[in-house]
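Me: I've just opened this structure and don't know my way around it yet. Please pick one small part, look at it closely, and then work outward until I have a picture of the rest.

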Amino acid sequence: MIQATNSGQSQNRNRKSREQCGSCPNRFSKDKRQVVAEDSDTTEEESSTDEEDRWKEVARAAEIPADYYNIQKLVKYIKAGNQTATIVSLCCLKDYDLSTQINQFAISDIGGLDILVNILECSDTKCCLGALTVLSDITLNIDIRKTIVDLDGIPLIVDILNSSMKDLKTMAAETLANVCKVRLARKYVRTCGGIPKLVDLIDIKLSILKTPRDQLNADELESLDMTRAGARALWTLADSKHNMEQMRKSGIVPLMAQLLKSCHIDVVIPIMGTVRKCSSEPKFQLAITTEGMIPDIVSHLSSENTELKMEGSTALYKCASDANTRELVREAGGLEPLVTIIKDKNLRDNKPLLRGATGAIWMSAVTDANVKVLDQLRTVNHLVALLNDECDEVLTNVTGALSECVRFQSNREQLRQAGGLPSMVALLNSSHGPLLENLAKALKECAEDPDSMRILEDLDAVRLIWSLLKNNSTRVQAHAAYAICPCVRNANDSAELVRSLVGAMELVVGLLKSKDIMVLSAVCAAIATIAQDQTNLAILTDLRVIYKLADLVQTTDDLLRMNLAAAVAACACFGNNTEELGRLRTVTPIVTYMTSDNPMVHRSTAMALEKLSMDPQNCITMHQSGVVPFLLECIGSTNKELQLAAAGCLRNIRELALRAEEYLLKIDDD
């Protein structure tokens with residue numbers, strides 16, 4: 001019976017000249033290359049490399065064991081035998097170690113994969129279960145996974161998920177967990193409606209999840225195994241954004257929250273992995289918080305299982321970009337186990353775990369209250385110990401965490417005393433963009449501390465930071481320009497320091513041609529600081545900086561407006577720059593900055609207008625632009641700098657008006 005079924009279906013399958021999924025929509029309208037292109041949001045590599053092919057040939061050329069031929073005999077029995085022979089042969093296959101490559105070759109070389117897939121179409125549950133059991137083992141091989149997809153096996157496996165037998169659904173899910181590491185398979189499972197079925201598999205009673213395995217009866221054990229298999233399959237499927245959205249719509253979120261409460265580690269690990277992958281999506285981040293998963297994730301950080309800790313810490317890393325989540329992490333006591341992970345020297349070689357823990361600490365440190373807790377745990381010292389790590393991702397997270405911690409003076413001192421500054425400066429020679437970005441942010445804060453600035457000067461850090469302006473990343477350029485500000489402001493003989501750097505000011509002025517708003521804003525802030533020295537201002541003027549600044553005055557971005565106005569205020573008081581800025585028609589656009597809701601924009605704008613009002617023509621333009629009411633309002637501000645600048649501008653306008661009135665009276669008298 002099985003012989004006829006197998007041979008007949010094999011002939012039908014061989015007649016298929018196109019590689020489509022039999023039960024998928026639009027079966028004959030798209031080829032696999034199109035499907036792969038549509039599902040391009042994953043990172044799965046599509047084919048084995050040349051090196052893998054070479055090693056396969058080496059494995060085949062090696063001495064072939066007797067098991068190879070014995071397995072092939074069993075496959076022949078399955079192909080030629082009756083139903084009983086098929087079941088017996090499948091059971092005998094399970095006696096071999098099917099996880100070894102040579103045994104997998106034995107099955108595939110003789111055409112056994114086609115036979116196993118054919119068996120999935122028969123109505124005999126024992127045959128299906130045996131075939132799935134074999135497939136779940138041999139699909140650890142990437143080439144076999146692809147062959148299963150090419151043989152239209154995915155729809156057949158998905159259909160088995162409708163079975164009423166738990167063990168059959170368990171093995172189907174286990175097989176999908178392996179096969180779906182292939183991108184195309186993930187696409188097929190979704191289009192064949194497999195995701196809602198897998199989500200149904202993980203719907204289990206909470207009492208089973210909280211009861212130790214040795215206290216469960218046979219039926220409960222079957223349910224638990226089925227849940228574990230479904231969780232593993234969903235973990236693999238979550239590599240696709242489309243699948244994640246389908247999982248969310250299928251109601252996976254509350255089920256994930258329930259499974260995280262399980263005492264069974266083999267169930268928690270795959271569901272935690274699914275949470276980790278899904279947490280990259282904003283909708284899932286909100287759902288994870290609202291479903292109360294954070295305390296359960298935190299509780300697993302103290303597990304002895306390093307994989308579980310890695311998945312949990314990485315999930316927190318992704319979710320902690322939200323302020324509410326950061327609060328929940330602290331309230332759940334999550335900072336302590338994270339610090340425990342990074343200070344454990346035995347875990348230093350586990351880079352994924354270290355990357356997740358340092359990332360979670362980085363994101364958590366954005367909240368000031370969390371930094372206070374981290375200070376009590378001496379986190380800065382533990383982070384400094386990781387600055388010698390060889391992994392760029394770990395270093396990026398470590399420097400990111402330090403950049404948040406050193407916003408407070410006590411941590412700047414702690415970093416300096418722990419000897420972290422030399423290590424950070426040495427890392428400025430790296431080529432990893434995110435790392436350089438975080439280094440610039442951290443050193444910017446450190447430069448605010450005079451003692452730390454002395455060390456940075458001795459280490460020639462200012463030159464290295466300045467060289468980051470040449471980096472291709474606009475974010476690195478922007479943060480480097482911001483870091484230059486406190487370095488120049490707090491350095492000994494800062495004016496000479498800037499001039500000693502060959503081409504430094506040319507590089508800064510050249511970045512005013514950038515198209516990135518953040519870079520322009522940071523460069524304007526740097527120019528405002530550099531221009532405090534008259535000699536440097538003269539050099540900037542020779543570099544025609546005011547013409548480049550004038551080109552930017554039409555901006556509507558408040559951050560750029562604030563720093564641009566500060567740069568104009570710093571550059572206007574040299575030579576005839578005030579008159580030239582008026583001639584370049586910068587006054588009226590700058591007056592419009594006063595309509596901003598940001599008080600910091602008002603402050604720098606008032607300072608710029610005060611300098612520009614030194615020129616009589618500019619005063620007339622300001623008055624005609626309606627600046628007086630804004631200045632009168634600013635005089636009532638609590639910011640003294642804003643008060644003084646507004647008052648100074650009004651004074652200049654008033655003096656011009658009085659001189660004009662006196663001149664008119666003199667003409668009348670004559």
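Reply: Buried means a relative accessible area under 20%, exposed means over 50%, and partly exposed sits in between (1.4 Å probe, protein chains only). With 0% relative accessibility, N243 therefore counts as buried, and that's a good place to start. Keep in mind that this is a predicted model, where local features need pLDDT of at least 70 and side-chain atom pairs count only at pLDDT 80 or more, while totals for chains, interfaces and linings use all residues. Residues are numbered from 1 along each chain as its sequence is written, and side-chain values use heavy atoms, with hydrogens and water left out.

So where does N243 sit? You'll find N243 in helix α16, which covers residues 241–249. Helices here are DSSP runs (H or I, at least four residues), numbered from the N terminus. Setting aside residues up to four places away in sequence, N243 touches R186, R190, I195 and L237. A contact like this means heavy atoms within 4.5 Å.

Now zoom out to the whole chain. The protein chain has 45 helices and zero strands. Out of its 670 residues, 53% are buried. If you take contacts between residues at least 6 apart in sequence, 75% of them join residues at least 24 apart.

E174 lets you follow such contacts to another helix. E174 belongs to helix α11, residues 166–179, and its relative accessibility is 12%, so E174 counts as buried. Leaving out residues up to four places away in sequence, E174 touches S136, R228, A229 and R232.

Follow S136 and you land in α8, where S136 is one of the buried residues. Helix α8 runs over residues 125–138, and its 14 residues span 20 Å from first C-alpha to last, close to the 20 Å expected at 1.5 Å a residue. (The expected span is 1.5 Å times one less than the number of residues.) Ten of those 14 residues are buried, so α8 is largely enclosed by the rest of the structure. Among the buried ones are C127, C128, G130 and A131, along with L132, V134 and I138. The N-terminal end of α8 is capped by D124, with a side-chain oxygen 3.0 Å from the backbone nitrogen of K126. That's a polar contact: N or O atoms within 3.5 Å, one able to donate a hydrogen and the other to accept it, with sequence neighbours counted only if both atoms are side-chain atoms.

Helix α9 covers residues 142–150, and I144, R145, K146, I148 and V149 are its buried residues. At the start of α9, N141 brings a side-chain oxygen to within 2.8 Å of the backbone nitrogen of D143. Just after α9 comes D152, with a positive phi of about 60°. Most residues other than glycine have a negative phi.

D152 has company further along the chain. R378 isn't a glycine, yet its phi is positive, about 55°. R378 lies in the loop between α25 (368–376) and α26, and its relative accessible area of 48% makes it partly exposed. On the other side of α26 (379–384), the loop leading to α27 (392–405) holds N388. N388 is exposed, at 64% relative accessible area. The C-alpha of N388 lies 9.9 Å from that of A426, although the two are 38 residues apart along the chain.

D493 is another non-glycine residue with a positive phi, near 50°. D493 is in the loop between α33 and α34, and a relative accessible area of 54% makes D493 exposed. The two helices beside this loop lead to the last stop, because α33 (474–490) and α34 (494–500) each supply at least two residues of the lining of the largest pocket. So do α36 (517–530), α37 (534–542), α39 (558–571) and α42 (599–612). The largest pocket has a volume of about 650 Å³, and 30 residues line it. A525, A528, T529, Q532 and A566 lie nearest its centre. (On a 1 Å grid over the protein atoms alone, a pocket is an open set of points with protein on both sides within 12 Å along at least five of seven lines, and lining residues have an atom within 4 Å of a point. Points join across faces, edges and corners, and volume is the space filled by probe spheres set on them.)

Notes:
1 Å grid on protein atoms, 1.4 Å probe; cavity = no way out; pocket = protein on both sides within 12 Å on 5 of 7 lines; lining within 4 Å.
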